[in-house]
Amino acid sequence: MIKKILAVNLFTFLCMLLLSVAYPLLISGIGQLSPGHGKGRILSYKGKTVGFEQEGQQFTENRYFWGRPSAVNYNGAGSGGSNKGPSNPEYLEEVKLRIDTFLIQHPYLDRKEVPAELVTASGSGLDPNISPQAAAVQIKRVALARGLNEQDLRLLVKSQTKGPLFTVFGPSIINVLELNLALEKFQINKK
């Protein structure tokens with residue numbers, strides 16, 4: 001009986017050591033090898049910090065591409081989803097309102113053409129990326145607001161599109177903040 005208690009205690013101690021010390025040190029070490037040393041990449045424009053690469057933020061002006069809605073009001077300290085299922089009446093009403101609002105700013109679209117990601121929040125509430133399709137449906141609005149050629153914006157969106165990880169895993173994505181920064185630089189160079 002004492003041998004079993006000692007074995008269980010030893011196993012518990014080893015698990016605590018592995019999961020509380022070794023694993024966090026390993027992950028921290030891997031993070032140090034990444035750009036930004038595991039602290040995230042800060043994006044700047046004209047010497048001013050404008051956000052983090054992996055943290056979504058709200059853009060509401062017509063002159064910018066918009067990202068996903070946030071269930072946490074874009075608060076990086078409290079990320080999380082709404083926990084409302086797709087059959088929840090309150091959630092369905094919220095999505096319907098988002099679609100109606102989106103269509104007011106994009107009258108050239110039909111309801112079925114609105115990408116779901118532009119009216120539903122991600123699991124973290126802070127997704128910084130959208131699909132190329134979600135950017136494409138906004139090109140006309142952004143071009144009109146900025147007085148730019150739609151074809152030029154299509155090329156800009158294409159240049160900001162990142163393919164699947166290792167060309168296989170996941171979808172193509174566009175970081176909204178990086179796209180909007182590229183848009184600002186593009187318009188300055190266009191003048």
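A cavity is defined here, on a 1 Å grid over the protein atoms alone, as a set of points where a 1.4 Å probe fits but cannot get out, while a pocket is an open set with protein on both sides within 12 Å along at least five of seven lines; lining residues have an atom within 4 Å of a point. Grid points are joined across faces, edges and corners, and a volume is the space filled by probe spheres set on the points. The model is a predicted one, in which local features need pLDDT of at least 70 and side-chain atom pairs count only at pLDDT 80 or more, whereas totals for chains, interfaces and linings use all residues. Residues are numbered from 1 along each chain as its sequence is written, and side-chain values use heavy atoms, with hydrogens and water left out.

The empty space makes a good starting point. The structure holds 1 cavity of 30 Å³ or more, and the volume of the largest cavity is about 60 Å³. Its lining includes Glu 55, Gly 56, Gln 57 and Phe 59, along with Gly 67, Arg 68 and Tyr 74. Asp 127, Pro 128, Asn 175, Val 176 and Leu 177 also line this cavity. By residue class, the lining comprises 5 nonpolar, 4 polar and 3 charged residues, where Ala, Val, Leu, Ile, Met, Phe, Trp, Tyr, Cys and Pro count as nonpolar, Asp, Glu, Lys and Arg as charged, and the others, Gly among them, as polar.

The largest pocket has a volume of about 320 Å³. It is lined by 14 residues, of which Gln 58, Phe 59, Trp 66, Pro 69 and Tyr 74 are the closest to its centre. This lining divides into 6 nonpolar, 6 polar and 2 charged residues. Phe 59 and Tyr 74 thus appear in the lining of the pocket and in that of the cavity. Gly 56, from the cavity lining, lies 9.2 Å from Asn 75, C-alpha to C-alpha, with the two 19 residues apart in sequence.

Secondary structure is described by DSSP runs, numbered from the N terminus: helices (H or I, at least four residues) and strands (E, at least two). Asn 75 belongs to the loop between E2 and H2, and its relative accessible area of 40% makes it partly exposed; buried means under 20% relative accessible area, exposed over 50%, and partly exposed in between (1.4 Å probe, protein chains only).

A nonpolar core is a set of buried Ala, Val, Leu, Ile, Met, Phe, Trp, Tyr and Cys residues joined through side-chain atoms within 4.5 Å. The largest such core has 33 residues, and Phe 65 and Leu 153 touch the most other members. At least two residues each come from E1, helix H2 (89-105), helix H3 (132-136), H4, helix H5 (150-159) and helix H6 (176-190), with H6 giving the largest share, 6 residues. Leaving aside residues up to four places away in sequence, Leu 153 touches Ile 139, Val 142, Ala 143, Leu 148 and Leu 183, contact being heavy atoms within 4.5 Å. Ile 139, Val 142 and Ala 143 are among the buried residues of helix H4 (residues 139-146), as are Arg 141 and Arg 146. Just after H4, Gly 147 adopts a positive phi of about 70°.

Two strands are said to pair if DSSP finds at least two bridges between them. E1 and E2 are antiparallel, pairing over 4 bridges, with Ser 44 opposite Thr 49 in E2. They form a hairpin with 2 residues between them. In its turn, Lys 46 has a positive phi of about 55° and is exposed, at 69% relative accessibility. Most residues other than glycine have a negative phi. Thr 167 is another non-glycine residue with a positive phi, near 60°; it sits in the loop between strand E4 (161-162) and strand E5 (173-175) and is exposed, with a relative accessible area of 69%.

A second set of strands makes an open antiparallel sheet of 3 strands in the order E3-E5-E4. Strand E3 (129-130) and E4 stand at the edges with a single partner strand each, so one side of each has no neighbour in the sheet. E3 and E5 pair over 2 bridges, and Ile 130 stands opposite Ile 174 in E5.

Finally, Ser 20 lies in helix H1 (residues 2-33) and is exposed at 52% relative accessibility. Its C-alpha atom is 35 Å from that of Ser 44, 24 residues apart along the chain.
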